[in-house]
Amino acid sequence: MRYPDAPVRPQHNEVGGLTFDDPYQWLEEDGQDVLAWQAAQDELARSWIHGWPHHGALAARVGELVEQMDARNLVVPVRHGPRWFSGRIPDGRELMVLEVADAPTGPWRTVIDLNELSDGTPLRMSPKPSPDGRLLAYSLDAAGHELPVLKVVEIDTGKVLLDGVPQQRPGLVAWLPDSSGFFYMANETVSGPLRWRLFFHRLGEEPPTEPEPLDIPHMFAIPKISPDGRWAVLQVDHLRPRPHFLARLDGSGREWREFVTDAEHLYKGEIIGDAYVCVTTAGAARGRLVRIPLGSPGDQDTWTELVPGGDAVLTGVTPVGDRLVIGELVDTVSRVRILDPDGKELGEVPLPGPGSVSSVAQGVVALGVMDQVVGCEDAITFGYTSYTQVPTVYHYELESGTLTALQGGGHSLTGLVTTRVWATSKDGTRIPCTLVHRADLDRTGPRPTLLHAYGGFNVAELASYLGPLAAFVEAGGIYAHTHVRGGGEFGLEWWEAGRLHAKQNSFDDLYAIAGRLIADGVTAPDRLAFQGASNGGMLAGVAATQRPDLWRAVVCVAPKLDMMRVAHDPVGAAATLPEYGNPADPADAPVLMAYSPYHNVRPATAYPAILLDAGANDPRCPAWHSRKFAARAQAATTASHPVLLRVWADAGHGGTNWSTIVAQQTDWLAFVMRELGLRPGDDVRQTVS
């Protein structure tokens with residue numbers, strides 16, 4: 001292919017005691033010449049992908065699959081006071097509409113329509129209604145930059161009560177129970193390294209300029225307020241455990257003190273009465289449920305164990321009236337149980353089958369970040385999905401045991417089978433993978449196979465409806481979803497074994513699964529593709545450079561690929577250094593350099609077909625990572641397979657409007673199917689005598 005010219009302009013670097021020349025460092029800056037080069041690369045990639053004769057048919061099928069899963073309407077409704085809040089993307093529109101109703105089934109009326117607010121720029125909203133349901137605090141981000149504006153409006157009148165705060169990147173709002181004010185996290189600095197702080201705003205007063213007197217080292221901190229308004233707890237950093245902070249709110253002033261000073265384990269919970277009821281990994285790698293008195297948090301002799309540790313991974317606890325609802329994972333399958341205040345089991349929520357439960361209906365569960373269910377006084381709402389069942393929003397009444405489908409559930413994929421296989425990684429650890437394919441698939445020879453994994457940040461990627469991927473499976477492909485270490489599928493030890501200096505384990509786990517599928521005759525290197533996004537995008541970059549012989553195609557979505565210069569971007573550094581390590585640290589630098597995809601592109605190497613898919617405005621995994629890698633890999637490869645760079649305008653860490661989200665899915669899937677020789681509608685039925 002004739003790639004846009006990328007001159008080599010070496011720049012010398014000294015990072016963490018290592019020295020190296022960077023030939024494409026000039027591609028890090030968003031100057032006019034770089035953006036013109038990026039546009040030329042994007043057009044080349046778009047033309048190549050759309051030039052596949054079957055792209056139109058695939059796009060039509062993806063559109064049908066997306067409509068069948070009713071993805072525009074799948075937002076789990078949440079109750080605040082007497083009102084229910086939900087969201088959807090109306091047919092023919094691009095952006096979210098936030099709606100309110102008096103019941104979880106509607107009828108709904110519009111509170112905010114992002115389509116009406118937008119001047120054509122994609123908008124994303126993070127809403128947080130007040131406890132009485134009268135007010136709405138929301139952060140509004142444009143084009144995926146993650147520079148939101150924090151606003152507060154009266155829901156019935158539309159009156160604006162707050163129109164921005166002095167700090168950058170405000171979010172994570174926690175209202176006082178009387179709806180008179182709220183805490184929020186924000187970045188205190190305008191430029192330079194991010195410095196996250198907690199602020200308090202009381203309605204009717206000027207926005208705060210001074211933070212609460214707390215030293216918060218990382219961006220992940222969640223304020224929790226007790227239902228009676230007497231206590232506040234700041235849960236700090238699920239990625240690198242840190243002491244929490246505690247304050248009394250019913251006195252003349254707020255005095256914060258450290259709370260739960262154990263900095264080695266995870267704590268995630270809620271304030272109930274005068275106690276913090278939480279899931280913790282202290283004493284149980286997969287989590288146990290404990291009650292910690294707010295008056296003596298450091299004395300573990302005063303803690304009460306409500307649910308002991310076991311084989312199940314505890315993912316969170318939700319108070320519902322006088323009961324507790326806990327989410328669990330049993331071999332990557334969701335389970336939801338109901339307990340009394342002392343931990344005695346009262347029952348189990350009847351789920352439709354072995355699948356995934358989440359407060360986000362689309363299916364991916366980020367353990368330690370999102371709860372599995374949303375609770376109110378006497379019921380819970382949650383999203384449920386599996387590989388074959390469309391995401392469905394359910395409402396479950398605890399007293400009557402009635403389970404009602406609110407949204408979705410009108411379609412499922414039939415004629416498919418799932419199979420669990422295991423592979424042994426380099427260090428002897430067994431790694432699971434689920435295969436999904438047509439029941440009548442001809443398995444007499446290696447089949448086109450798409451492997452997917454994430455493996456980072458304590459995130460458990462669980463069974464999720466195939467959606468657009470069903471087009472790949474329908475055409476005779478095998479989808480292989482694997483759970484490599486670094487994720488949260490099997491508890492703290494699974495995460496720790498795939499992060500920081502142990503990160504190579506994640507990559508070895510992936511190669512073990514690929515090797516097992518090849519050895520078993522499921523697939524072959526010329527029929528095998530890998531796709532990953534975000535942390536999985538970095539995993540894809542490593543897979544392409546460490547083991548180019550394993551794959552015919554690799555797709556890196558929203559990747560971070562230069563591990564030695566991640567600190568060049570404040571948001572990217574704050575989000576990822578706790579997980580990967582700091583290149584400026586001489587102890588971490590050699591580890592990062594050993595697998596950094598960009599630095600391990602080797603000249604005169606036959607690389608697989610590679611698609612780099614980035615958002616132009618992504619602050620976490622900026623497009624320059626993909627630009628530099630594309631230039632280096634295009635110059636290095638000796639294979640005839642393409643190395644393509646797509647950069648989506650007005651997109652951040654993922655698509656920001658509906659058509660972009662669908663187009664991204666379609667294009668990378670078309671890239672894979674083209675390389676593996678699959679076409680929409682292929683007849684691959686097994687022939688039997």
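## Helices, cores and strands in a predicted model

Helix α6 passes helix α7 in a right-handed crossing. This is a predicted model.

**The helix pair.** Two packed helices are described by the angle between their axes and the distance between the axes. Here α6 pairs up with α7, which spans residues 535-546. The two axes come within 10 Å and cross at roughly 65 degrees. That makes α6 roughly perpendicular to α7, because angles of 65 to 115 degrees count as such. Which residues meet at the crossing? From α6 come Q504, S506, F507, L510 and Y511. From α7 come M538, L539, V542, A543 and Q546.

**The cores.** The largest nonpolar core holds 67 residues. Within it, L451, L510 and W551 touch the most other members. Helix α6, residues 504-519, gives this core its largest share, seven residues. A second, separate core has 44 residues, among them I49, L58, L450 and L644.

L451 deserves its own look. Leaving aside residues up to four places away in sequence, L451 touches A480, T482, L510, I513, A514 and L517. L451 also touches L528, A529, F530, Q531 and W551.

**An enclosed strand.** Is strand β34 buried or exposed? Five of the five residues of β34 (residues 478-482) are buried, so the strand is largely enclosed by the rest of the structure. I478, A480 and T482 point one way from β34. Y479 and H481 point the other way.

β34 has strand partners. Strand β32 (residues 430-438) pairs with β34 in the antiparallel sense, over four bridges. There, T482 in β34 is the bridge partner of C433. Strand β33 (residues 449-452) pairs with β34 in the parallel sense, again over four bridges. H452 stands opposite H481 in β34.

**A three-stranded sheet.** Elsewhere, an open sheet of three strands runs in the order β11-β12-β13, with antiparallel pairing. Its edge strands are β11 (168-175) and β13 (196-202), and each pairs on one side only. From one strand to the next, the twist averages 30 degrees. Four bridges join β11 to β12, which covers residues 181-187. These two strands run antiparallel. Q168 stands opposite N187 in β12.

**Backbone details in loops.** Start with a proline. The peptide bond from G106 to P107 is cis, with omega near 0 degrees. P107 sits in the loop between β5 (97-101) and β6 (109-113).

Two other loop residues have a positive phi although neither is a glycine. The table sets them out.

| Residue | Phi | Loop between | Relative accessibility |
|---|---|---|---|
| D331 | about 50 degrees | β23 (323-330) and β24 (333-339) | 37% |
| A604 | about 55 degrees | α9 (589-595) and β37 (609-615) | 63% |

How do their accessibilities read? At 37%, D331 counts as partly exposed. At 63%, A604 is exposed, because the cut-off for exposed is over 50%.

**Drawing it together.** Residue L510 links several parts of this picture. L510 lies in α6 and is one of the residues that meet α7. L510 is also among the residues touching the most other members of the largest core. L451 in turn touches L510. Two further contacts of L451 are A480 and T482, and both of these are buried residues that point one way from β34.

Definitions and conventions: Residues are numbered from 1 along each chain as its sequence is written. This is a predicted model: local features need pLDDT of at least 70, side-chain atom pairs count only at pLDDT 80 or more; totals for chains, interfaces and linings use all residues. Side-chain values use heavy atoms; hydrogens and water are left out. Two strands pair if DSSP finds at least two bridges between them. Axes are lines fitted to C-alpha atoms, for helices over the stretch in contact, and angles run from 0 to 180 degrees between N-to-C directions. A nonpolar core is a set of buried Ala, Val, Leu, Ile, Met, Phe, Trp, Tyr and Cys residues joined through side-chain atoms within 4.5 Å. Buried means under 20% relative accessible area, exposed over 50%, partly exposed in between (1.4 Å probe, protein chains only). Contact means heavy atoms within 4.5 Å. Angles under 35 degrees count as roughly parallel, over 145 as roughly antiparallel, 65 to 115 as roughly perpendicular and the rest as oblique. A crossing is left-handed if the near helix is turned anticlockwise from the far one by less than a right angle, and right-handed if clockwise.
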